[in-house]
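User: Could you take a close look at the metal site in this model for me? I'd like to know what holds the metal and what surrounds it.

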Amino acid sequence: MILPKTEDDIRKMKKAGKIVAEFFEKIETLIKPGVSAKKIDELGFEIAKKRGGVPSFYKYKGYPASVCVSVDQEVIHGIPYHDKILEEGSIVSVDYGVSYDGFHADAAKTYIVGNGDSLKKKLVEICERALYDSIKFLKPGMKTGDLGYFIYTFVRKNGFSVIRDFCGHGIGKQIHEDPPIPNYGEQGKGITLMQNMTICIEPMICAGSGDVIIQKDNWTVITADGSLSAHFEHTIRIRDGENEILTI
Ligand code: MF3
Ligand code: CO
């Protein structure tokens with residue numbers, strides 16, 4: 001049974017979401033060639049602390065940092081090692097979550113470092129549109145399969161693949177709650193999405209087959225064929241009328 005959030009729960013999630021949004025504003029100018037992923041992680045740790053929140057990922061299932069920084073063929077869960085240095089033309093996905101007063105918010109965005117080629121630009125643009133168009137598409141009463149089908153067909157139509165091994169998710173007191181929100185699905189199938197449920201929609205897409213493998217560090221997920229990958233995510237409150245993005 002998935003319970004809708006109360007107004008009070010949502011208020012806390014919005015506070016967490018504001019901290020996440022502040023982080024993404026701040027790193028906009030930081031994403032440059034020569035910058036270490038560790039620097040981005042440090043900023044995530046500091047902003048959460050300064051605003052009275054807690055970084056959601058730090059120590060989650062043993063994750064060793066506050067932010068995930070995934071470069072090029074890395075899809076998600078890239079550890080922000082200090083020697084992971086951003087290079088001109090690479091694409092970097094940054095994923096960050098915060099809890100405030102016991103409630104989480106979670107978002108991700110992919111940046112091009114300096115100037116990228118046209119494939120990189122298109123990959124990032126399609127992934128971002130998959131997120132924003134699906135937020136517009138989603139209405140209370142729809143199934144998770146309807147949402148997944150929408151994302152999947154949009155991404156395929158544009159020549160890219162979705163990652164099937166990882167999903168979006170419900171969110172609230174836990175960073176990962178039911179229901180799973182896959183980026184594929186069958187129309188009319190899955191779990192019914194209702195008013196005031198809070199979910200993370202997070203298209204993870206790539207230029208190759210969509211198969212992934214986990215690196216030896218047990219975290220970093222990379223594309224099996226080495227193809228480039230992008231990831232966008234927002235925490236959403238489902239509503240009649242326009243859905244509310246809590247991480248802006
Ligand atoms: N942000 C990821 C998600 O969207 C969670 C990161 S899990 C961690 O589900 F273990 F890396 F922290
Ligand atoms: Co998430």
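Analyst: Happy to! One term comes first: a residue counts as buried when its relative accessible area is under 20%. Please keep in mind that this is a predicted model.

By that cut-off His-169 is buried, because its relative accessible area is 4%. Glu-233 is buried as well, at 0% relative accessibility. Both residues coordinate the cobalt ion (ligand 2), together with Asp-106 and Glu-202, at 1.9 to 2.4 Å. His-169 donates through NE2, while Asp-106 uses OD and the two glutamates, Glu-202 and Glu-233, use OE. Around the cobalt ion there are 6 donor atoms, and the angles they subtend run from 46 to 176 degrees, so the arrangement is irregular. For reference, six ideal octahedral donors would give 90 or 180 degrees.

Along the chain, the donor residues follow the spacing D-x62-H-x32-E-x30-E. His-169 lies in strand β7 (residues 168-170) and Glu-233 in the loop between β13 (229-231) and β14 (234-237), so this pair, 64 residues apart, links distant parts of the chain.

From the site we can step into the nonpolar interior through Ile-199. Leaving aside neighbours within four places in sequence, Ile-199 is in contact with the donor His-169, and its other contacts include Gly-170, Leu-138, Leu-147, Leu-193 and His-234. Ile-199 is also among the residues with the most contacts inside the largest nonpolar core, which has 28 residues. Helix α3 (118-137), α4 (144-157) and strand β9 (198-201) each supply at least two residues of that core, with α3 giving the largest share, 7 residues. A second, separate core of 26 residues includes Ala-16, Leu-30, Ile-40 and Ala-48.

Methods. Residues numbered from 1 in each chain as written. Chains lettered and ligands numbered in written order. Predicted model: local features only at pLDDT ≥ 70, side-chain atom pairs only at ≥ 80, totals over all residues. Heavy atoms only, no water. Donors = N, O, S within 2.8 Å, 3.2 Å for Na, K, Ca; no water. Tetrahedral: all angles 85-135°; square planar, octahedral: opposite > 155°, others 65-115°. Helix = DSSP H or I, 4+ residues; strand = E, 2+ residues; numbered from the N terminus. Buried < 20%, exposed > 50% of the residue type's maximum accessible area, 1.4 Å probe, protein only. Core = buried A, V, L, I, M, F, W, Y, C linked by side-chain atoms within 4.5 Å. Contact = heavy atoms within 4.5 Å.
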